[in-house]
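Here is a friendly walk through the charged pairs, a helix and the cores of one chain. Have the structure open as you read.

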Amino acid sequence: MKRIMIVEDQGIVRQGLKMMIEQDPAFTVVAEASDGKEAVELMNLHALDLILMDIRMPEMNGIEATRIIKARWPQVKVLMLTTFNDDEYAMQALKEGANGFLLKTSDGEQLLHSVHSCLNGGMTIHDEVAAKVVPRLLSARKESPAVHALTPRELSITKLVGEGKTNKEIADQLFLSVGTVKNHISQILQKLELRDRTQLAIYAVRHDIV
């Protein structure tokens, strides 16, 4: 069972999110926080798989909390959840290592799908947000000498990560084991001096690999 924390400053919204998440027997909500500062403190008390993180909160916002959490606990997935359809927030969140960006207007089915996708190594960006963010990433394309250090196999995997594929989907498409895909991604991150697969996905778009 995957362990989840909800970080949201409105109690009634937290309860609603908890009810939707726990409709799936694969998930359990083990912690709740009302702001980013409390979320960071709770990280020391719980072993988590994923955090649903609001952006605008008192004390510490979700972007700052994500920066701290991803630096200390990089294995924990962070799915940003907000009412604000703002591409600048999305860009900041992704830069800090967020694994997805979902609007609160999404329904329960979209929420559960996004949680599953993040946990399986994918990156979910709400369609309305993607429509703004992707053009900005494309406009920031630049050639990187590090790309030439990648093998053809590593380039193929980087392309598929940029398309939002999970490790299993990549493995199935390239006839590899999931473990082999994970090893390749680790080597790619090291070569490109990137922190995680979210940065790799952004890199793939920026450098015209996708």
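## A pair within one helix

Lys168 is exposed in this predicted model, with a relative accessibility of 52%. Its salt-bridge partner is Asp172, at 3.1 Å from N to O. Asp172 is partly exposed, at 46% relative accessible area. Both residues belong to helix α8, and because they sit 4 residues apart there, about one helical turn separates them.

## Pairs that bridge the chain

The count of salt bridges comes to 9, and two others are worth a visit. In one of them, the side chains of Glu154 and Lys191 meet at 2.8 Å, N to O. Glu154 comes from helix α7 and Lys191 from helix α9, so this pair ties together parts 37 residues apart in sequence. Is Glu154 buried or exposed? Glu154 is buried, with a relative accessible area of 2%, whereas Lys191 counts as partly exposed at 35%.

The other joins Lys104 to Asp54, at 3.5 Å from N to O. Here too distant parts of the chain are linked: Lys104 is in the loop between β5 and α5 (108-119), and Asp54 is in the loop between β3 and α3, 50 residues apart. Lys104 is partly exposed, at 27% relative accessible area, while Asp54 is buried at 4%. Through shared partners, salt bridges join Glu8, Asp54 and Lys104 into one network.

## Helix α9

Helix α9 covers residues 178-192, and at 1.5 Å a residue its 15 residues should span 21 Å. The C-alpha atoms at its ends are 21 Å apart, in agreement with that value.

Which residues of α9 are buried? They are Val181, His184, Ile185, Ile188, Leu189 and Leu192. Viewed down the helix axis, the buried residues fall within an arc of 140°, so they line one face of α9. They pack against α7 (152-162), α8 (167-174) and α10 (197-206). Just after the helix, Glu193 takes a positive phi of about 60°.

## Two nonpolar cores

The largest nonpolar core has 31 residues, and Met5, Val7, Met43, Ile51, Met53, Met80 and Phe101 are those with the most contacts inside it. Among the elements that each supply at least two residues of this core are β1 (2-7), β2 (27-33), α2 (36-43) and β3 (50-53). Apart from it lies another core, of 19 residues, including Leu150, Ile188, Leu192 and Leu194.

Val7 is a good place to zoom in. Setting aside residues up to four places away in sequence, Val7 touches Ala33, Asp35, Gly36, Ala39, Ile51, Leu52, Met53, Asp54 and Met57.

Technical notes
Residues numbered from 1 in each chain as written. Predicted model: local features only at pLDDT ≥ 70, side-chain atom pairs only at ≥ 80, totals over all residues. Heavy atoms only, no water. Core = buried A, V, L, I, M, F, W, Y, C linked by side-chain atoms within 4.5 Å. Buried < 20%, exposed > 50% of the residue type's maximum accessible area, 1.4 Å probe, protein only. Contact = heavy atoms within 4.5 Å. Expected span 1.5 Å × (residues − 1). Arc of directions from axis to C-beta. Salt bridge = Lys/Arg side-chain N within 4 Å of Asp/Glu carboxyl O.
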